[in-house]
Amino acid sequence: MNITFSKIAMPATGAVVLGVADGSRLNPTAAKLDKRAKGAITRAMKDANFTGKRDKTLTILVPAGTRLSRLVLLGLGDIKTLDNAGAERLGAIAYDAVAGDASAAIVLDGVGCGLAAYVAGGARLKSYRFTKYRTRDDKDSQPKLKALLVQCDSAADARKLYDGVAAIVDGIFLTRDLVTEPANFIYPESFVARAKDLTKDGVKVEALDEAAMTKLGMGSLLSVGQGSERESQMLVMRWNGAKDKNAAPLAIVGKGVCFDTGGISLKTPPGMWDMKWDMAGAGIVVGLMRALARRKAKVNIVGICGLVENMPDGKAMRPGDVVTSMSGQTIEVLNTDAEGRLVLADAMWYAQERFKPRAVIDLATLTGAIIMALAEHYAGLFSNNDELSDRLIAAGKSVGERLWRFPMGDEYDRDIKSPIADMKNIGGGKAGSITAAQFLQRFVKKDVPWAHLDIAGVVWSDKGTSLAAGGATGYGVRLLNRLVADYYEEA
Ligand code: BES
Ligand code: MN
Ligand code: ZN
């Protein structure tokens, strides 16, 4: 879809989306059209009880004498309260309303160019489809929209702002691609190969293979992949956009379980297919690196992904096995399906040892329990640091990717004591998301601010979200991009 900005409000052909503010206030372009159509638009609004409430649409008959293919009214609500996230959502709604037309214009006049850039971004986010494995085109369900014009007083300003938004959308699309790919196509080595594409954006990309990880003593991560034919990998991506290239980076660590069968503690068949997206944490890290690099963020950041496949096999780890992590701490593995924490333990330790980061944030589809607690509406936040937590919550709020902080403490940590090793990899069954976080915290060095985002509920949506048609949502890229922009980037 080609997106352009222009001052010209009414195209001669194609679909048009006209903004209507709260209280049925037509924008100037809509008012002019209404007059020409002898009040037909106002009448249609009255009939349908459409008053311009935010996010509501009304498709009305194209007025006689025009060559338009479709006319859609879009409720803007109170324009004064419209923020970037709200503008994005409006763009996505507008997109859905006109996706069946070849060309369309969104005319919201009265909405500034900054917001127009986000309207365009939202439309593009909603246009994402993953069609590479379809050999037959289902013509009726595929969107046709090829050209989208977003009206705005200063096209040049909007275009410039949109370039920044587009960098983030590029990152989200990469995340969605990676997360959607089935596990016969995306496995640790092919994931690394895809991430190498980021070198074109100026990101340094390298990967440790099993031999290198064995040397470093990553017995925890390696134990998860040991039942798989695919070789485990540790992906390291660096973007040094700060003035001082040696300044301590922010480390973002992703769980990259390319498929999670549960291992010998095998999962049951229903829904096991969902475990192709158990690498969503890693997918977000890669997409974030693309977004930050493409908008040339003035920040040093390192992205680290622990990539494995959790399979049952003659060589697979057994329940009860004891493994030694890179940190030296030993772990009794009572359930091979609690594998994400085993991967993160070594990935997080490696990140801290090698990069001495100013903070560590990990992203993981870690527990089913977080879905029970929060459904798809919030991701779980666990942290040893109030400031970092507050920043994450604020960033999440501003982009509409919300976080809810959970408690942590010794009373939960006791639950992962082992009679034979330093810890076991599951708790007693209660508060499973918290005991998982307690496990991770044991691999955070003293005085390192750390936050864990349990994203199991938010990264995939069969029915779709306001910004995604269905499938991988891309949750997390905008959130962390916002966090970086607001708190870690140089002016
Ligand atoms: N990848 C799963 C968690 C998950 C479940 C993500 C559903 C997305 C949707 C994770 O590896 C897992 O299996 N966790 C177990 C932990 C348990 C064995 C302590 C779980 O949540 O059941
Ligand atoms: Mn599992
Ligand atoms: Zn898992």
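Q: What arrangement do the 6 donor atoms around the manganese ion (ligand 2) make, octahedral or irregular?
A: Keep in mind that this is a predicted model. Six donors count as octahedral if opposite ones are over 155 degrees apart and all others lie between 65 and 115. Here the 6 donor atoms subtend angles of 71 to 166° at the manganese ion (ligand 2), which makes the arrangement irregular.

Q: Which residues coordinate the manganese ion (ligand 2)?
A: The donor distances run from 2.1 to 2.2 Å. Along the sequence the donor residues are spaced D-x76-D-x1-E. D337 gives both an O and an OD contact, and the full set of residues is D260, D337 and E339.

Q: What geometry does the site of the zinc ion (ligand 3) have?
A: Start with the general picture: ideal angles for six octahedral donors are 90 or 180 degrees. The zinc ion (ligand 3) has 6 donor atoms, with angles of 78 to 174° among them. That site is classed as octahedral.

Q: Which residue coordinates the zinc ion (ligand 3) through NZ?
A: The zinc ion (ligand 3) has its donors at 2.0 to 2.4 Å. Their spacing along the chain reads K-x4-D-x17-D-x60-E. D260 and D278 come in through OD and E339 through OE, while the NZ donor belongs to K255.

Q: Which residue coordinates both the manganese ion (ligand 2) and the zinc ion (ligand 3), given that they are 3.2 Å apart?
A: The zinc ion (ligand 3) takes an OD contact from this residue, and so does the manganese ion (ligand 2). It is buried, as is K255. The residue that coordinates both ions is D260.

Q: Is D337 buried or partly exposed?
A: Buried means under 20% relative accessible area, and exposed means over 50%. E339, another donor to the manganese ion (ligand 2), counts as buried at 1%. D337 has 22% relative accessibility, so this residue counts as partly exposed.

Q: Which cysteines form a disulfide?
A: A search of the whole structure turns up 1 disulfide. Its sulfur atoms sit 2.3 Å apart, and the cut-off for a disulfide is within 2.5 Å. Both partners are buried, and they are C113 and C152.

Q: What is the handedness of the disulfide between C113 and C152?
A: One partner, C113, lies in helix α4 (residues 113-126), and C152 lies in the loop between β7 (147-151) and α5 (155-180), so the pair ties together parts 39 residues apart in sequence. The torsion about the S-S bond is about 105°, so the disulfide is right-handed.

Q: Why is there no bond from the sulfur of C258 to the closest cysteine sulfur, and which residue holds that sulfur?
A: C258 is buried, with a relative accessible area of 1%. C305 is buried too, at 0%. The gap from the sulfur of C258 to the closest cysteine sulfur is 9.5 Å, which is too far for a bond, and that sulfur is in C305.

Q: Where does D55 lie?
A: D55 isn't a glycine, yet its phi is positive, about 80°. With a relative accessible area of 26%, D55 is partly exposed. Its place is the loop between α2 (40-48) and β4 (57-60).

Q: What is phi of D447?
A: D447 lies in the loop between α14 (432-441) and β18 (450-454). This residue is exposed, with a relative accessible area of 70%. Although D447 is not a glycine, its phi is positive, near 70°.

How values were computed. Residues are numbered from 1 along each chain as its sequence is written. Chains are lettered from A and ligands numbered from 1 in the order in which they are written. This is a predicted model: local features need pLDDT of at least 70, side-chain atom pairs count only at pLDDT 80 or more; totals for chains, interfaces and linings use all residues. Side-chain values use heavy atoms; hydrogens and water are left out. Helices (H or I, at least four residues) and strands (E, at least two) are DSSP runs, numbered from the N terminus. Buried means under 20% relative accessible area, exposed over 50%, partly exposed in between (1.4 Å probe, protein chains only). Donors are N, O and S atoms within 2.8 Å of the metal (3.2 Å for Na, K and Ca); water is not among the atoms, so sites may look incomplete. Four donors count as tetrahedral if all angles lie between 85 and 135 degrees; four count as square planar and six as octahedral if opposite donors are over 155 degrees apart and all others between 65 and 115; anything else is irregular.
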